Amino acid sequence: MDIAFSDLDLRASNPGWFTLCAEFTCVFDGQVIRVPIGFKTDLASIPRPLRGLFDRTGLSLKPAIVHDYLYTDGSIPTLPRKLCDKVFYACLRAVGVSAWTAWVYYAGVRMGGG
């Protein structure tokens with residue numbers, strides 16, 4: 001699976017939230033996902049007790065932004081939540097997140113995403 005990300009220009013905005021200062025793209029199997037300037041994200045929504053184990057600003061950063069966008073964007077045909085979660089898993093693996101850790105993220109969004 002061919003997955004590539006553009007550079008990321010992200011700034012902290014409100015506590016716990018971040019805003020894109022430039023368009024961010026992900027090429028996923030030939031499809032371009034364009035996350036627009038001004039998009040707001042909380043990155044990976046990791047429960048507070050687990051934040052020491054899973055870094056919201058590490059390798060999961062770009063996949064989490066794509067996942068948040070796929071969950072919330074109204075300008076593209078809405079993808080089923082399960083497909084958004086599978087894209088997230090594939091993106092996590094593409095950036096080097098271990099299979100086990102990617103599965104934990106995936107299980108988390110399957111149980112608590114929405």
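I count two strands as paired if DSSP finds at least two bridges between them. With that rule in hand, I went through this predicted model.

**Entry 1: the β4 and β5 hairpin**

I began with β4 and β5. They pair in the antiparallel sense, over 5 bridges. I then asked which residue of β5 is the bridge partner of Phe28. It is Gln31. The hairpin of β4 and β5 has 2 residues between the strands. I checked phi in this hairpin, and Asp29 takes a positive value near 50°.

**Entry 2: the sheet around it**

Next I looked up the sheet. It is open, has 3 strands and follows the order β1-β4-β5, with antiparallel pairing. Which strands are at its edges? I noted β1 (3-5) and β5 (31-35), each of which pairs on one side only. On average, neighbouring strands of this sheet are turned by 15° against each other, direction ignored.

I turned to β1 and β4. Strand β4 covers residues 24-28 and is joined to β1 by 3 bridges. The two run antiparallel. For Ala4, I found Val27 as the bridge partner in β4.

**Entry 3: Asp2**

I placed Asp2 in the segment before β1. How far is Asp2 from Val27 in sequence and in space? They are 25 residues apart in sequence, and their C-alpha atoms are 7.5 Å apart. I listed the contacts of Asp2, leaving out residues up to four places away in sequence. Asp2 touches Val27, Phe28 and Asp29. I had met Asp29 before, as the hairpin residue with the positive phi. Phe28 was also familiar, as the bridge partner of Gln31.

**Entry 4: salt bridges**

I took a side-chain nitrogen of Lys or Arg within 4 Å of a carboxyl oxygen of Asp or Glu as a salt bridge. By this rule the count comes to 4. I picked out the pair of Arg34 and Glu23, whose side chains meet at 3.5 Å, N to O. Where in the chain do Arg34 and Glu23 sit? I found Arg34 in strand β5 and Glu23 in the loop between β3 (18-20) and β4. They are 11 residues apart, and the pair links distant parts of the chain.

**Entry 5: the second sheet**

I then followed β3 into another sheet. This open sheet has 3 strands in the order β2-β3-β6, with antiparallel pairing. Its edge strands are β2 (10-12) and β6 (40-41), and each pairs on one side only. I looked at β2 and β3 in detail: they pair in the antiparallel sense over 3 bridges. Leu10 has Leu20 as its bridge partner in β3.

**Entry 6: the helices**

I moved on to α1, residues 61-72. Which strands does this helix lie across? I noted β1, β4 and β5, with α1 running at about 85° to β5.

I also looked at α1 against α2 (residues 81-94). They pack at an angle of about 170°, and their axes are 9 Å apart. Angles over 145 degrees count as roughly antiparallel, and α1 and α2 are therefore roughly antiparallel to each other. I recorded their crossing as right-handed.

From α1, the contact is made by Pro63, Ala64, Val66, His67, Leu70 and Tyr71. From α2, I listed Arg81, Cys84, Asp85, Val87, Phe88, Cys91 and Leu92. How many residues of each class does this contact have? I wrote down 10 nonpolar, 1 polar and 2 charged.

Terms used. Residues numbered from 1 in each chain as written. Predicted model: local features only at pLDDT ≥ 70, side-chain atom pairs only at ≥ 80, totals over all residues. Heavy atoms only, no water. Helix = DSSP H or I, 4+ residues; strand = E, 2+ residues; numbered from the N terminus. Axes fitted to C-alpha atoms, helices over the stretch in contact; angles between N-to-C directions. Contact = heavy atoms within 4.5 Å. Parallel < 35°, antiparallel > 145°, perpendicular 65-115°, else oblique. Left-handed = near helix turned anticlockwise from the far one by under 90°. Nonpolar A, V, L, I, M, F, W, Y, C, P; charged D, E, K, R; others polar.
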